[in-house]
Amino acid sequence: MPKGCLVITVSGLAGSGTTTLCRNLAKHYGFKHVYAGLIFRQMAKERGMTLEEFQKYVELHPEIDREVDRRQVEAAKECNVVIEGRLAGWMVKNADLKIWLDAPIMERAKRVARREGVSVEEAFVQIAEREKGNRKRYLNLYGIDIEDKSIYDLIINTAKWGPDGVFAIVKAAIDHLYPDGDAGSGENPENKKKEVG
């Protein structure tokens, strides 16, 4: 894919900071932000269900997962887009940069508790149950093990950096994508530019 036409996927479990990162990337680079979770929440609302109810409903209706994933793949045909979703890295096979955000479950539960206005214990139970259900669903539906991180180019533990730090790491990765010349040659394209100028 040529420079100036980037497709980036950001995946991670609940409370890992994917939405914050995607919003920051969209704002800084002017990327379009495609958000699988939002599509999922809209579908739940359309059916008058809570997220938990819809989660159980989806387990019996795999066509909903397929529709969410189809919309992500469709969005990847555009230029300069950041696609957020648990399976985005798996679905968008040709993405220029695939990112996985992670953090220990207790840290993620604290974040979700703050965001949703529930206790940390309640958030912990919700997250644990949802992740167990999701993992089973992804395995059954696509044969994908969400715990397999081998497809990602960049994995960040967001418990170690705040949103600004995570953004700085990802920005560095994006800004250094596809350098001129062979990255394995030992040549620094910056030196060439200086010699030419």
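In which helix is leucine 25 found? In this predicted model, leucine 25 belongs to helix α1. Its relative accessibility is 0%, and leucine 25 therefore counts as buried, the limit for that class being under 20%. Apart from neighbours within four places in sequence, leucine 25 is in contact with Val10, Gly30, Phe31, Val82, Phe167, Val170 and Ile174. One of these partners, isoleucine 174, is separated from leucine 25 by 149 residues in sequence, while the C-alpha atoms of the two residues are 9.9 Å apart in space.

Threonine 18 is also placed in helix α1. With a relative accessibility of 11%, threonine 18 counts as buried. When neighbours within four places in sequence are set aside, the contacts of threonine 18 are Val10, Ser11, Gly12, Glu84 and Leu101. Val10 thus appears among the contacts of threonine 18 and among those of leucine 25.

The chain as a whole contains nine helices and five strands. Their order along the sequence is β-α-β-α-α-α-β-α-β-α-α-β-α-α. Of the 197 residues in the chain, 41% are buried. Contacts between residues at least 6 apart in sequence were also examined, and 70% of these join residues at least 24 apart. The pair formed by leucine 25 and isoleucine 174, 149 residues apart, is an example of sequence separation bridged in space. The area exposed by the chain is about 11,100 Å², of which carbon and sulfur atoms supply 53%.

Helix α2 has as its buried residues Ala36, Ile39, Phe40, Met43 and Ala44. These residues line one face of the helix, because they fall within an arc of 140 degrees when α2 is seen down its axis. The packing partners of the buried residues of α2 are β2, α3, α4, β3 and α7. Glycine 48 follows α2 and has a positive phi, near 65 degrees.

In α3, the buried residues are Phe54, Gln55 and Val58. They lie on the same side of α3 because the arc they cover around the axis is only 110 degrees. Lys56 and Leu60 are exposed and are carried by the face of α3 turned away from its buried side. The elements against which the buried residues of α3 pack are α2, α4 and α7. The packing of α2 against α3 is likewise found from the side of the buried residues of α2.

A positive phi also occurs at asparagine 80, where the angle is about 50 degrees although the residue is not a glycine. Asparagine 80 is located in the loop between α4 and β3, the latter spanning residues 81–84. Its relative accessibility of 25% is the reason why asparagine 80 counts as partly exposed.

The largest pocket holds about 810 Å³ of space. Its lining comprises 36 residues, and those nearest the centre of the pocket are Tyr35, Gly37, Arg41, Glu84 and Arg86. Glu84 is also one of the contacts of threonine 18. At least two lining residues are supplied by each of β1 (7–12), α1 (18–29), β2 (32–35), α2 (36–46), α3 (51–60), α4 (62–75), α6 (105–116) and α7 (120–142). The largest share, five residues, comes from α2. By residue class, the lining of the largest pocket consists of 11 nonpolar, 14 polar and 11 charged residues.

The second largest pocket contains about 250 Å³ of space. Its lining is made up of Leu51, Glu52, Gln55, Lys56, Glu59, Gln126, Glu129, Arg130, Lys132, Gly133 and Lys136. Two or more of these residues are given by each of α3 and α7. The most comes from α7, which contributes six residues. One residue of this lining is nonpolar, three are polar and seven are charged. Gln55, which is buried in α3, belongs to the lining of the second largest pocket, as does Lys56, an exposed residue on the face of α3 turned away from its buried side.

Definitions and conventions:
Residues are numbered from 1 along each chain as its sequence is written. This is a predicted model: local features need pLDDT of at least 70, side-chain atom pairs count only at pLDDT 80 or more; totals for chains, interfaces and linings use all residues. Side-chain values use heavy atoms; hydrogens and water are left out. On a 1 Å grid over the protein atoms alone, a cavity is a set of points where a 1.4 Å probe fits but cannot get out, and a pocket is an open set with protein on both sides within 12 Å along at least five of seven lines; lining residues have an atom within 4 Å of a point. Grid points are joined across faces, edges and corners, and a volume is the space filled by probe spheres set on the points. Helices (H or I, at least four residues) and strands (E, at least two) are DSSP runs, numbered from the N terminus. Ala, Val, Leu, Ile, Met, Phe, Trp, Tyr, Cys and Pro count as nonpolar, Asp, Glu, Lys and Arg as charged, and the others, Gly among them, as polar. Buried means under 20% relative accessible area, exposed over 50%, partly exposed in between (1.4 Å probe, protein chains only). The arc is that of the directions from the helix axis to the C-beta atoms. Contact means heavy atoms within 4.5 Å. Accessible areas come from the Shrake-Rupley method with a 1.4 Å probe; for residues, only the protein chains shown count as cover.
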